Amino acid sequence: MGASATRFIRRVASAPNAKALFSNGSRSATTKNGYLAPDETVPPLPHVPSTSSDHGDNSLETLSSSGSSRERGRTKRKNKYPNGQPQTRITSDSAEGPGKVAFRRTYSSNSIKVRSVEVGPQSFLKIKMLGKGDVGRVYLVREKKSDKLFAMKVLSKKEMIERKKIKRALTEQEILATSNHPFIVTLYHSFQSEEYLYFCMEYCMGGEFFRALQTRPGKCLPEDGSRFYAAEVVAALEYLHLNGFIYRDLKPENILLHHSGHIMLSDFDLAKQSGYPGGRPPTIHHSETNGTPMVDTMSCTADFRTNSFVGTEEYIAPEVIAAQGHTAAVDWWTLGILIYEMIFATTPFKGKERNDTFSNIRLLPVHFRDTPKVTGPCKEVVVRLLDKDERTRLGSKSGASEVKQHKWFAKINWGLLRHARPPIIPSSSNGLDAVNFRHLKESNSLHLELQGVAGAGYSVPPGPGTPGYDDGMEVPADGDLFGAFNSVTLHYDGES
């Protein structure tokens, strides 16, 4: 496949489905140049009175109490919390109602302009804490210069060294800094100080998808609603796979809701990049059933296998438990678990203890409860995604295109997903009250560094066995553990 064709496929990834790319039918299902909605002016947020000047000693506060959404076993990872999403305007007078939002990001990483970092910790005022993980915190912050709201993820270098999570932070930055997709959270700034790494991201006013599910009757969604959100997840996974990344940690806690109700994937520190940076060029396969050409996203990860034992207990794939190594097919397994949980409010293989869950995952077939009733195609897609043999699992041959072709998704207009009204419209909010997030108490004040975007500050003599390094992380020649973390500001086409 030529370089121009490869660039085209990456640009339209997840916009039209593979069938629409090659069909001679109506073009109305596609988006124009990847744009998602008409351009609209985004009004500034209400001013938040500041108790200190722009040059004052502002602080962020950390949380000492537990902030877990639910008790769910995790492997090599404790808690997952939101990253963030931006302030945009809802046009309630449109035909789409509250679901229609000004949103003009393209699907191409080529539309990202990288600049030297334009902000520092002192550029923001903390409003409240949104979440807490084992090595960091997520805060709702306001940029003093523009009054815009962002979610700021602050990671402790000391904790990352002790927990061997440096490489994970670098992977997360690479994914966020190179991704430009409507269903993946957007990074605007990344920088570091002597003690911390900072990710300044879009603020998702809708909060955690898991929390949104908990407020629904029966803590679940009807089949049509589950299909809608499953489709948006498929689109996001397709984009990640096209760029050579395996997500490996799909679950409701890692999905955020834009205030329009559309989803945003977040938390990429368990993601794994294939050995081919940027992903191998996609290839074209033909459907075995109808001969339809399909973009093969599995080829982009070059059949990459990794042996890491990571994931969330109830979502972990059988090949991971068996220590056989795993490929991008694990993401399709987790999609099957997610669909089941959205519909039945529980995961299909949950046991009393961790070992019971693992045993169920490896040995038991999927059991569907009598209620709620689901269609035959729904049961079939779940069973095929939860195939314990990764070689025959739905999506294992050509990736997202294969999943999209399943008859359960026949109702989905892939090209216009971002324009459709979502099943869940989050509670109305001005953004400042964070009504869709859990209330977390704050303690142990953490002062924002005022020296701007300083260097790492954690240099150690290089050598084998250096404490704090992740497995497979090369020792920097200068001993700077965080030297590969880039301090940058990202500008996106179509955004002011």
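Student: I'm looking at this fold and want to start with a sheet. Which order do the strands of the open three-stranded sheet have?

Tutor: The order is β9-β11-β12, and the pairing is antiparallel. Keep in mind that this is a predicted model. As a general idea, strands of a sheet pair through backbone hydrogen bonds, either parallel or antiparallel.

Student: Which strands are the edge strands here?

Tutor: They are β9, residues 207-208, and β12, residues 263-265; each of them pairs on one side only. Now look at β11, residues 255-257: three bridges join it to β12 in the antiparallel sense. To find that pairing on your screen, pick Ile255 and look for its bridge partner in β12, Leu265.

Student: Which helix lies across β11 and β12?

Tutor: That's α6, residues 223-242, and it runs at about 35° to β12.

Student: Let's try a strand with more neighbours to look at. How many residues of β8 are buried?

Tutor: Six of its six residues, so to speak the whole run 196-201, are buried. Here's the general idea you need: in a regular strand the side chains alternate between the two faces of the sheet. In β8, Tyr196, Tyr198 and Cys200 sit on one side, while Leu197, Phe199 and Met201 sit on the other, and both sides are covered.

Student: Which strands does β8 pair with?

Tutor: One is β6, residues 149-156, which pairs with β8 in the antiparallel sense over six bridges. Another is β7, residues 187-192, also antiparallel to β8, over five bridges. Phe199 is a handy place to look: Lys153 stands opposite Phe199, and Phe199 is also the bridge partner of Ser190.

Student: How many residues lie between β7 and β8 in their hairpin?

Tutor: Three residues lie between them.

Student: On to helices. Which residues of α10 are buried?

Tutor: In α10, residues 376-385, they are Cys378, Val381, Val382 and Leu385. Try looking down the helix axis: the buried residues of α10 fall within an arc of 95°, so they line one face of the helix.

Student: What covers the buried residues of α10?

Tutor: The cover includes α6, which you met above, together with α8 (329-344) and α11 (400-404).

Student: Can we do loops as well? Is Thr346 buried or exposed?

Tutor: Here you need a cut-off: buried means under 20% relative accessible area. Thr346 is at 18%, so it counts as buried. You'll find Thr346 in the loop between α8 and α9 (354-363). Leaving aside neighbours within four places in sequence, Thr346 is in contact with Tyr340, Glu341 and Arg369.

Student: And where is His181?

Tutor: His181 lies in the loop between α4 (166-178) and β7. With a relative accessible area of 0%, His181 is buried. Compare sequence with space here: His181 and Tyr239 are 58 residues apart in sequence, yet 7.6 Å apart in space, C-alpha to C-alpha.

Student: Last topic: cavities. How many cavities of 30 Å³ or more are there?

Tutor: The count comes to five. Let's take the second largest cavity, with a volume of about 90 Å³. Its lining has 13 residues, and Arg248, Val310, Gly311, Val330 and Thr334 lie nearest its centre.

Student: Which elements give two or more residues to the lining of the second largest cavity?

Tutor: Those are β16 (311-312) and α8.

Definitions and conventions:
Residues are numbered from 1 along each chain as its sequence is written. This is a predicted model: local features need pLDDT of at least 70, side-chain atom pairs count only at pLDDT 80 or more; totals for chains, interfaces and linings use all residues. Side-chain values use heavy atoms; hydrogens and water are left out. Two strands pair if DSSP finds at least two bridges between them. Helices (H or I, at least four residues) and strands (E, at least two) are DSSP runs, numbered from the N terminus. Contact means heavy atoms within 4.5 Å. Axes are lines fitted to C-alpha atoms, for helices over the stretch in contact, and angles run from 0 to 180 degrees between N-to-C directions. Buried means under 20% relative accessible area, exposed over 50%, partly exposed in between (1.4 Å probe, protein chains only). The arc is that of the directions from the helix axis to the C-beta atoms. On a 1 Å grid over the protein atoms alone, a cavity is a set of points where a 1.4 Å probe fits but cannot get out, and a pocket is an open set with protein on both sides within 12 Å along at least five of seven lines; lining residues have an atom within 4 Å of a point. Grid points are joined across faces, edges and corners, and a volume is the space filled by probe spheres set on the points.
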